[in-house]
Amino acid sequence: MQYREDKISGNKLSMLGLGCMRFSLNKAETERMILSALAGGINFFDTAYIYPNSEHTLGEILKKHNKRKDVYIATKLPLLMCKKKTDFDKFFNESLKRLQTDYVDYYLMHSMTDFAQWGKLQALGIEEWLAEKRADGQIRRIGFSYHGICNDFLKLLDVYNWEICMIQYNYYDENYQAGKRGLLRAHEKGIPVMIMEPLLGGSLATGLPKQAVALFQASDPKLTPADWAFWWLWNQPEVTVTLSGVGDAQIMAANLDATKRFRSLTEKELAVYADVVDVFRRSYKINCTGCDYCLPCPKGINIPGCFSSYNISYVQKWITGMTLYATTTAAVMKNPASPYACNGCGKCERVCPQNLPIRQLLKKVTKRMEPLPIRVIFSLIRNIMK
């Protein structure tokens, strides 16, 4: 295993981390996977309060094998469930109990989607609360995970002394959400960057078009599509940890093998990614490049994110696209930025380099991703969260 330094704390973190959102219901299988990860040198484990049975399972297995002090645990505060300051303690203490620990190495504000969210947390007293937890040693490092547009991410980087951030980033989504620009800015500020969705929900491992797979194989037949996806990230020194959200020991072993074989990519190999992305995009319904020129939308709609989710729902599975859509539009938040909110102003179309009929396309996205039954479900979830 290769390690990269968190420049703020000095912690040496494994460049491959274990994302704990998709633990198997089979606890014995999960235990084998975690032990395999530990044996392979992984020391960064990412979980969250809202991940089903994740914190509890991770805490139980680490305690059973006396491994808590050998790893760094990141978990997250469920922002949508926080309505008053006392909620911070409520959720944090429950996380400690589940994890069977008295401190968290990295504590993140979970799934921030815009700059205004931080203002709401400040109004609840988040900064004072975090200072208290830092002072008593219960929280070692503070950060946030992000699912919004790049401009808001850049603003968030400057409003607090963050010590970690987590973004969605891969060779297909290089300019999606925080993207390359956000990665470089965070690195410039010395903030370690954790990468989620390195395989785009598995799409870049098992869901590539055959022509795209052939391009990779022609370059190096020994590498799998997953290898190519991981290596693209590890080839960038700005990436601190890449999270692998696996569910079984066999996939974990394959990912660990990718770390053992990793080497710097050649210029010729790097050029292959552009060809693969080109093939991937041609298989999509909407040829949006994710340049963000159409943003900000007056109605707050994450237009590139909506188009990406829509495309994924066709190329992969509808549920995969829907998962991305829900985070892209903040569908279960108080003020969702759904595409049906489009007022037809046309501002986006006037600046789109691809001259896409964005207003018409947003209607297609709404029809597929948020028909009335789905909209009702999102509304019910929002009401429960109030």
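Is strand β5 (residues 72-77) largely enclosed by the rest of the structure or exposed, and how many of its residues are buried? That is where these exercises start. The model is a predicted one, and each task below comes with a worked solution.

**Exercise 1. Strand β5 and its partners**

Task: Work out how β5 is placed, which strands pair with it, and how the chain travels between them.

Solution:

Step 1. Begin with burial. Five of the six residues in β5 are buried, so the strand is largely enclosed by the rest of the structure.

Step 2. Look at one partner, strand β4 (residues 44-46). β4 and β5 are parallel and are paired over three bridges. To find your place in this pairing, go to F44, which stands opposite Y72 of β5.

Step 3. Trace the chain from β4 to β5. The path goes through helix α2 (residues 54-64), and this β-α-β crossover is right-handed.

Step 4. Turn to another partner, strand β6 (residues 104-112). β5 and β6 run parallel and are joined by four bridges. Here A74 is found opposite Y106 of β6.

Step 5. Follow the chain onward. Together with helix α3 (residues 86-99), β5 and β6 form a β-α-β unit that is right-handed.

**Exercise 2. The second largest pocket**

Task: Describe the second largest pocket by its volume, its lining and the helices that contribute to that lining.

Solution:

Step 1. Start with the space inside: the second largest pocket holds about 810 Å³.

Step 2. Now consider the wall. There are 33 lining residues, and those nearest the centre of the pocket are T113, D114, Q117, K120 and M333.

Step 3. Ask which elements take part. Both α4 (116-124) and α17 (372-385) give at least two residues to this lining. α4 has the largest share, with five residues.

Step 4. Sort the lining by class. The pocket has 17 nonpolar, nine polar and seven charged lining residues.

**Exercise 3. A cavity and its cysteines**

Task: Find out what surrounds the second largest cavity, and decide whether C342 is or is not in a disulfide.

Solution:

Step 1. Count the cavities: the structure has three of 30 Å³ or more. The second largest cavity contains about 100 Å³ of space.

Step 2. List what lies around that space. The lining has 16 residues, with C297, P298, C342, C345 and C348 nearest the centre. The elements giving two or more residues to this lining are α15 (347-351) and α16 (358-369).

Step 3. Sort this lining by class too: 10 residues are nonpolar, three are polar and three are charged.

Step 4. Now check for disulfides. The structure has zero of them. For C342, the nearest cysteine sulfur belongs to C348 and is 6.2 Å away, and C342 is in no disulfide. A disulfide would need the two sulfur atoms to be within 2.5 Å.

Step 5. Compare the surroundings of two cysteines. C342 has a relative accessible area of 30%, so it is partly exposed. C82 has a value of 8%, so this residue is buried.

**Exercise 4. Unusual backbone spots**

Task: Locate a cis peptide bond and two positive phi values, and say where they sit in the chain.

Solution:

Step 1. Recall the background: most peptide bonds are trans, and most residues other than glycine have a negative phi.

Step 2. Find the cis bond. The peptide bond from L295 to P296 is cis, and its omega is near 0°. P296 sits in the loop between α12 (267-282) and α13 (303-315).

Step 3. Go to Q100, whose phi is positive, near 55°. Q100 belongs to the loop between α3 and β6. With a relative accessible area of 36%, Q100 is partly exposed.

Step 4. Go to Q177, which also is not a glycine and has a positive phi of about 55°. The loop that holds Q177 lies between β8 (164-168) and α7 (179-188). Its relative accessibility is 3%, so Q177 is buried.

**Exercise 5. Far in sequence**

Task: Place D248 in the chain and state how it relates to E29 in sequence and in space.

Solution:

Step 1. D248 is in the loop between β10 (241-244) and α11 (249-261).

Step 2. D248 is partly exposed, at 24% relative accessibility.

Step 3. Along the sequence, D248 and E29 are 219 residues apart, while their C-alpha atoms are 6.3 Å apart in space.

How values were computed
Residues numbered from 1 in each chain as written. Predicted model: local features only at pLDDT ≥ 70, side-chain atom pairs only at ≥ 80, totals over all residues. Heavy atoms only, no water. 1 Å grid on protein atoms, 1.4 Å probe; cavity = no way out; pocket = protein on both sides within 12 Å on 5 of 7 lines; lining within 4 Å. Points joined across faces, edges and corners; volume = space filled by probe spheres on them. Nonpolar A, V, L, I, M, F, W, Y, C, P; charged D, E, K, R; others polar. Buried < 20%, exposed > 50% of the residue type's maximum accessible area, 1.4 Å probe, protein only. Pairing = 2+ DSSP bridges. Right-handed = clockwise from strand over helix to strand, strands pointing away.
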